[in-house]
Amino acid sequence: MNKRDPRVPAMLELAELKFRIDDDGDAIVMISGWEEDRSQTVFISSRTYTYDDQEYREIFSPAYTGELPTAKVLAYCLKQNSGVKIGSWKLQIDSDNETVALVFGANVDANAGPQRLRQVLLNVAKTTDDLERKLSDQDNF
């Protein structure tokens with residue numbers, strides 16, 4: 001797949017979402033409009049993966065970056081993984097092994113229509129912002 005998948009901006013425009021495309025070809029969408037004027041940055045990967053002849057891409061958002069989170073926070077994420085219908089938490093470790101990120105992401109059909117794409121984006125944004133709020137009073141992402 002091309003580095004900049006033209007389906008991503010086309011679907012985001014149809015979904016009437018504001019976005020920008022980064023140097024990797026991924027879309028960056030700022031989701032806002034819920035309580036306390038909070039917002040959440042959500043990424044849509046331009047890169048796709050195939051599984052059983054179905055093409056998928058990942059939609060993801062960080063809730064935390066820094067040192068390794070406490071066991072309590074990690075347990076919260078694992079417990080939430082067993083209850084969510086779409087998506088999961090992952091721990092991404094930077095190459096320096098000192099910085100980690102807690103990221104919630106969901107795989108979506110690479111040809112998902114604008115309403116489906118919007119629905120998954122909102123779910124990912126709300127899930128990550130809920131954890132970010134539990135961990136900090138700030139709205140960093």
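## Asp52, out in the open

Let's start with Asp52, which counts as exposed at 65% relative accessibility. This is a predicted model, and in it Asp52 is found in the loop between strand E4 (49–51) and E5.

What is the sign of phi at Asp52? It's positive, at about 50 degrees, even though Asp52 is not a glycine. That's worth a second look, because most residues other than glycine have a negative phi.

## Glu16, another positive phi

Glu16 also has a positive phi, here of about 60 degrees, and Glu16 is not a glycine either. You'll find Glu16 in the loop between H1 and strand E1 (19–21).

Is Glu16 buried or exposed? Its relative accessible area is 69%, so Glu16 is exposed, the cut-off being over 50%.

## Inside the core

Now for the interior. The largest nonpolar core has 26 residues, and those with the most contacts inside it are Leu12, Ile31, Ile44, Ile59 and Leu121. Several elements each supply at least two residues of this core: helices H1 (7–14), H2 (71–81) and H3 (114–135), along with strands E2 (27–34), E3 (38–44), E5 (54–66) and E7 (100–109). Which helix or strand gives the most? That's H3, with six residues.

## Who Leu121 touches

Leu121 is one of the residues with the most contacts inside the core, so let's look at its partners. Setting aside its neighbours within four places in sequence, Leu121 is in contact with Leu12, Leu17, Ile31, Val42, Ile44 and Ile59.

Technical notes
Residues numbered from 1 in each chain as written. Predicted model: local features only at pLDDT ≥ 70, side-chain atom pairs only at ≥ 80, totals over all residues. Heavy atoms only, no water. Core = buried A, V, L, I, M, F, W, Y, C linked by side-chain atoms within 4.5 Å. Buried < 20%, exposed > 50% of the residue type's maximum accessible area, 1.4 Å probe, protein only. Helix = DSSP H or I, 4+ residues; strand = E, 2+ residues; numbered from the N terminus. Contact = heavy atoms within 4.5 Å.
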